[in-house]
Amino acid sequence: MIWAEFGGALQQAIHALKFRRQRLLGRELGRRMALIYAGELRAIEGLVPVPLHPARQRERGYNQSLEIARGLAAVLDVPVLE
């Protein structure tokens, strides 16, 4: 499933999420993705974010896939299973 073309504002947002410590962008991206694909995602029971290598986690201070999952989970009303 492709959510959007990777370029422009989306590319800038993902870059800011990953490299500029803009972790709230992850939740907003997840929220918007959930709103767009709510119909297709309604059957899921939970979300498991992709683990981040420990060195990357220390470098960034957070896991961007966890932040995206939290945004998705808030809209879909499902748990995030870490």
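Okay, one term before anything else: when I say partly exposed, I mean a relative accessible area between the buried range, under 20%, and the exposed range, over 50%. Glu28 is a good case, since its relative accessible area is 26%, and therefore it counts as partly exposed. Keep in mind throughout that this is a predicted model.

Let's stay with Glu28 for a moment. Its side chain meets that of Arg31 in a salt bridge, 2.8 Å from N to O. Those two are 3 residues apart in helix α2, so about one helical turn separates them. Glu28 also has a salt bridge with Arg32, and here the N to O figure is 2.7 Å. Arg32 and Glu28 are 4 residues apart in α2, again about one turn of the helix. How exposed are the two arginines? Arg31 has a relative accessible area of 34%, so Arg31 is partly exposed. Arg32 comes in at 46%, so Arg32 is partly exposed too.

Now let's look at α2 as a whole. The helix runs over residues 23-41, which is 19 residues. Put a ruler between its end C-alpha atoms and you get only 23 Å, where a straight helix at 1.5 Å a residue would reach 27 Å. Where does α2 bend? Look at Leu35: the bend there is about 55°.

What does α2 pack against? Its buried residues pack against α1, residues 8-19, and α4, residues 64-76. The buried ones in α2 are Gly26, Leu29, Gly30, Ala34, Tyr37 and Leu41.

Three of those names come back in the next part, the nonpolar core. As a general point, nonpolar side chains in soluble globular proteins tend to be buried together. In this model, the largest nonpolar core has 9 residues: Ala34, Tyr37, Leu41, Leu47, Ala69, Leu72, Ala73, Leu76 and Val78. Both α2 and α4 supply at least two residues of this core. Which helix gives the most? That's α4, with 4 residues. If you want one core residue to click on, try Ala69. Leaving out residues up to four places away in sequence, Ala69 touches Leu47, Pro49 and Val80.

Next, my favourite residue here, Glu67. You'll find Glu67 in helix α4. Is Glu67 buried or exposed? The cut-off for buried is under 20%, and Glu67 has a relative accessible area of 1%, so Glu67 is buried. So who sits around this glutamate? Setting aside neighbours within four places in sequence, Glu67 is in contact with Arg23, Gly26, Arg27 and Tyr62.

Two of those contacts deserve a closer look. With Arg27, Glu67 has a side-chain polar contact of 2.7 Å. With Arg23, Glu67 forms a salt bridge, and the closest N and O atoms are 3.0 Å apart. That pair ties together distant parts of the chain, as Arg23 is in helix α2 and Glu67 is in helix α4, 44 residues apart. The two partners sit differently, too: Arg23 is partly exposed at 35% relative accessibility, while Glu67 is buried at 1%.

Now zoom out a little. In general, side chains of opposite charge can pair when their charged atoms come close. How many salt bridges does the structure hold? There are 7. Some of the charged residues join up into a network of salt bridges, made of Arg23, Arg27, Glu67, Arg70 and Glu82.

Last stop: a few spots outside the helices. Arg21 is in the loop between α1 and α2. Its phi is near 60°, and that's a positive value in a residue other than glycine. Arg21 has 55% relative accessibility, so Arg21 counts as exposed.

Asp77 also has a positive phi without being a glycine, this time near 55°. You'll see Asp77 in the segment after α4, and with a relative accessible area of 69%, Asp77 is exposed.

Then there's Pro51, in the loop between α2 and α3, where α3 is residues 54-60. Pro51 is exposed, with a relative accessible area of 69%. How far apart are the C-alpha atoms of Pro51 and Asp77? They are separated by 21 Å, with the two positions 26 residues apart along the chain counted as their spacing.

That's the tour. If you open the model yourself, start at Glu67 and its salt bridge to Arg23, then follow α2 along to the bend at Leu35.

Note on methods
Residues numbered from 1 in each chain as written. Predicted model: local features only at pLDDT ≥ 70, side-chain atom pairs only at ≥ 80, totals over all residues. Heavy atoms only, no water. Expected span 1.5 Å × (residues − 1). Bend = angle between axes of the 7 residues up to and from the residue. Buried < 20%, exposed > 50% of the residue type's maximum accessible area, 1.4 Å probe, protein only. Contact = heavy atoms within 4.5 Å. Polar contact = N/O pair within 3.5 Å; in protein donor to acceptor, adjacent residues only side chain to side chain. Core = buried A, V, L, I, M, F, W, Y, C linked by side-chain atoms within 4.5 Å. Salt bridge = Lys/Arg side-chain N within 4 Å of Asp/Glu carboxyl O.
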